[in-house]
Amino acid sequence: MKYKELILTFASVLLLSLARLPIHMGWLVFIAWIPVAHALQIKGLKLKNIILMAAIWGITYTAIVFNWIALVTVGGLLGIMLFYTVAFSIFFYFSHLIWQKMPKFGWLGFICLMISFEYLQQFGETRFPWWNMAYSLADYNLLLQILDIGGMSLIALLIMAINYLVDRLLQRKYSALGAIVLIFALWLGYGYYSYYSIKLETKPLAVQVMQPCIPQSEKWDEGQFESMMAVFDSLSHEAAKEQTQLHIWPEAAIPAYLRYDARAMYKLRSTISETGLEIFTGFPDFEAAPADHFDDAYYYNAASLYKPDGSPSSIYHKNILVPVGERMLWIDIFPFMGKVNFGQANWEFGKELAYYDSHGYRFSPSICYELAFDRIHHHMALPKDKDGSIRKMDFLVNLTNDAWFGTSYGPWLHMVMSRFRAIENRVQIYRSANTGISVIIDPMGRELRQAPLFEVTNLGAPLYTCPRVPILRYIYFYPAIFVVISVILALISSFRSIFMKQSKEVIR
C-alpha cells in the first residue's frame with residue numbers, strides 16, 4: 001500500500017490524541033501504539049519517510065491536544081510542533097533501526113525509547129512533560145493508584161505492554177490474552193487494595209482556596225488595581241466567616257512587586273488584620289543583579305505566606321519556567337538571547353524549594369507549570385532532613401493562572417495533573433487557579449471540591465493526611481534504566497548497520 005507508513009502513523013497519533021481529551025476515551029491508549037509499531041517494522045524505510053512520519057505525529061498531536069497554546073502564542077505552538085517533529089524523528093529512526101537489525105528486540109527497543117523520551121522531558125530548558133501518556137488514564141482512578149509505586153513511567157510501561165500483547169493477540173497468539181488479564185487483575189487489584197488499606201487521618205486545619213476570576217485583560221492594568229484587591233478582600237472576608245485559618249490566593253494574584261510596593265503590602269496586611277487569616281499568595285518579585293547581567297534585575301515568579309503576627313516567611317521563587325513563555329532559552333549560555341523579545345517575561349530560575357508552617361501543619365508550594373513535573377514534587381512533598389530521614393509534608397499547594405486559555409480544555413489538562421501528583425506522594429493538594437479550574441484533591445486522587453471555570457468562589461474541604469511514604473520516593477530515578485537499555489540497543493543496531501554496509505562494500 002502506497003504511503004502505508006504515513007497512514008499507520010496518522011492512525012496511531014489520532015488514537016493517542018483522542019485518549020488525552022476530556023471525552024472519556026482514555027482506553028484508546030491501550031491500542032494506540034500498534035499501528036505506528038507496524039509502520040516502523042516496514043523494511044527499507046528511508047530517512048525522509050521517517051521524518052514525514054514524525055512530522056505527521058508532531059503536527060497532528062499538537063494540533064489536537066495542545067491547540068489552546070495558540071491562544072497565547074502561535075509561535076509557541078509552532079515551536080512545539082517542530083520540537084516533536086525533531087524528537088520523534090530520532091525516536092522513530094532508532095526504533096526502526098532496532099526492528100531491522102535486531103527484530104527480536106524490536107518491541108523492547110520501542111517501549112524503552114518511548115519511556116526514555118517521556119523521562120528525559122523532566123530535564124533541560126526545553127522540558128515539556130505534558131506529553132506523558134499516563135495522563136490518558138485521568139478518568140480511571142483505580143488504575144492511577146499504582147503511581148505511588150512506580151510513578152508515570154510504570155504506567156507508561158504497562159500501557160506499552162498492553163499494546164504489545166494486544167498486537168500479539170491480533171496475530172492469533174492467544175496466550176497473550178492470559179497475560180493481559182493478569183496485568184489488569186494485578187493493576188486493578190492494587191487499586192482496590194489501596195482504597196481499602198490506606199487510612200487517611202482528618203486534621204483540624206481549615207484551608208480554603210480562592211478563585212477570583214480576574215480577566216487577563218485587566219490583570220496588569222494599573223487602573224484595575226483597587227477593584228482587584230477589593231475582590232480578594234471580599235473573598236477573604238467570606239472565608240473568615242467560615243472559620244478558615246489559611247487562605248490560598250492564585251499565581252501572581254497581587255499584580256505588584258509586593259515586597260517593594262507599600263500600597264500593595266498595605267492592602268494585603270489590612271485584609272489579614274481584619275480577617276485574622278494566614279494568606280499564601282503569588283506575586284512578582286525581584287532582586288538586584290550585577291552590572292553584567294542582561295537585565296537590570298533578577299525577576300522572579302514568586303509566592304509566600306503572610307501571617308497576622310507579621311512573622312517573616314521565606315519567599316518561594318518558581319524553579320521551573322515555561323520555555324520561551326516565561327524565559328527565553330539558554331540565556332545563561334547565550335546572554336544575547338535575553339534581548340530577544342517574543343513577549344516573554346524572562347524570569348529567573350528559583351534555586352530552592354520552600355517549606356511553610358501554618359498552625360502547626362507543613363506544606364510546600366509549586367507554581368503553575370511546575371505541576372507537570374513529578375520529580376520536583378517528590379522533593380516538595382517528601383523532603384529529607386539532614387539525617388537522611390524523610391519528613392512528609394501535610395499538604396501541597398499549587399498556584400496557577402490559566403486565564404490565558406479561556407474555555408478551552410487546556411485548564412482541564414492542567415488540572416488533572418493534581419490527581420497524579422497527589423497519588424504519587426499520597427498527599428493532599430490545594431490548587432488555586434485564577435479563573436479555574438481550582439480543585440482540592442485528597443491523597444487517594446479523589447476530588448473533594450472543584451470550581452468550574454470563571455466562577456468567583458472559595459473552595460474548602462477537610463485536610464486529610466496519609467502517613468505512608470510511597471515506594472516511589474526511594475526509586476524515582478529508576479526510569480534511567482530504560483534510557484540505558486535504549487542507548488545500548490541503539491548503539492548495537494547502529495554498529496550492525498555500519499558493519500553490514502562495510503561488508504557489502506568489501507564484497508563488491
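1. Let me start with the charges over rings. In this predicted model, Arg127 sits over the face of Phe373, with 5.9 Å to the ring centre. Arg263 does likewise with Phe225, and there the figure is 3.9 Å. The cut-off for such a charge is within 6 Å of the ring centre, so please keep it in mind when you read the value of 5.9 Å for Arg127. Both Arg263 and Phe225 turn up again in the next point, as members of a helix pair.

2. Now to that helix pair. Helix H10 (residues 225-241) and helix H11 (residues 262-275) have axes that come within 9 Å and cross at roughly 20°. That angle makes H10 roughly parallel to H11, and their crossing is right-handed. On the H10 side the contact is made by Phe225, Glu226, Met229, Asp233, Ser236, His237 and Ala240. H11 contributes Arg263, Ala264, Lys267, Leu268, Thr271, Glu274 and Thr275. You will recognise Arg263 over the ring of Phe225 here.

3. Next, H3 and H4. What is the angle at which H3 and H4 pack? The value is about 140°, and the axes are 7 Å apart. Angles over 145 degrees would count as roughly antiparallel, so H3 and H4 are classed as oblique to each other. H3 passes H4 in a right-handed crossing. Residues of H3 in the contact include Leu47, Ile50, Ile51, Trp57 and Thr62, and among their partners in H4 are Leu77, Ile80, Tyr84, Phe88 and His96.

4. H4 also has H5 as a neighbour to look at. Helix H4 (residues 74-101) packs with H5 at an angle of about 160°, their axes being 8 Å apart. The two are therefore roughly antiparallel, and the crossing is right-handed. From H4 come Tyr84, Ala87, Phe88, Phe91, Phe94, Ser95, Ile98 and Trp99. They meet Gly106, Trp107, Gly109, Phe110, Leu113, Met114 and Phe117 of H5. Tyr84 and Phe88 are worth selecting in your viewer: they appear in the contact with H5 and also in the contact with H3.

5. On aromatic pairs, the count comes to 51. One of them is Tyr61 with Trp131: the ring centres are 4.5 Å apart and the planes lie at 50°, so this pair is tilted. Tyr61 belongs to helix H3 (residues 47-65), while Trp131 is in the loop between helix H5 (106-120) and helix H6 (141-144), so the pair ties together parts 70 residues apart in sequence. Are these two residues buried or exposed? Tyr61 is buried, and Trp131 is too.

6. A word on Leu157, which is in helix H7 (residues 147-170). Its relative accessibility is 29%, so Leu157 counts as partly exposed. Leaving aside residues up to four places away in sequence, Leu157 touches Ile111, Ile115 and Phe482. If you want a long-range distance to check, the C-alpha atoms of Leu157 and Ala54 are separated by 22 Å, with their positions 103 residues apart along the chain.

7. Then there is helix H12 (residues 374-381). Of its 8 residues, 6 are buried, so H12 is largely enclosed by the rest of the structure. The buried ones are Asp374, Ile376, His377, His378, Met380 and Ala381. What do these buried residues of H12 pack against? Their partners are H7, strand E5 (316-317), strand E7 (361-367), strand E8 (395-400), helix H14 (417-425) and helix H15 (472-475).

8. Finally, some backbone geometry for you to look over. Most residues other than glycine have a negative phi, and most peptide bonds are trans. The bond from Gly436 to Ile437 is cis, with omega near 10°; Ile437 is placed in the loop between strand E9 (428-433) and strand E10 (439-441). His24, not a glycine, has a positive phi of about 60°. His24 lies in the loop between helix H1 (4-20) and helix H2 (34-40), and at 57% relative accessibility it counts as exposed. Ala252 also has a positive phi, near 50°. Ala252 is in the loop between strand E2 (246-248) and H11, and its 12% relative accessibility means that Ala252 counts as buried.

Technical notes. Residues are numbered from 1 along each chain as its sequence is written. This is a predicted model: local features need pLDDT of at least 70, side-chain atom pairs count only at pLDDT 80 or more; totals for chains, interfaces and linings use all residues. Side-chain values use heavy atoms; hydrogens and water are left out. Rings of Phe, Tyr and Trp (its six-membered ring) pair if their centres lie within 6.5 Å; planes under 30 degrees apart count as stacked, over 60 as edge-to-face and the rest as tilted. Helices (H or I, at least four residues) and strands (E, at least two) are DSSP runs, numbered from the N terminus. Buried means under 20% relative accessible area, exposed over 50%, partly exposed in between (1.4 Å probe, protein chains only). A charge sits over a ring if NZ of Lys or CZ of Arg is within 6 Å of the ring centre and within 35 degrees of the ring normal. Axes are lines fitted to C-alpha atoms, for helices over the stretch in contact, and angles run from 0 to 180 degrees between N-to-C directions. Angles under 35 degrees count as roughly parallel, over 145 as roughly antiparallel, 65 to 115 as roughly perpendicular and the rest as oblique. A crossing is left-handed if the near helix is turned anticlockwise from the far one by less than a right angle, and right-handed if clockwise. Contact means heavy atoms within 4.5 Å.
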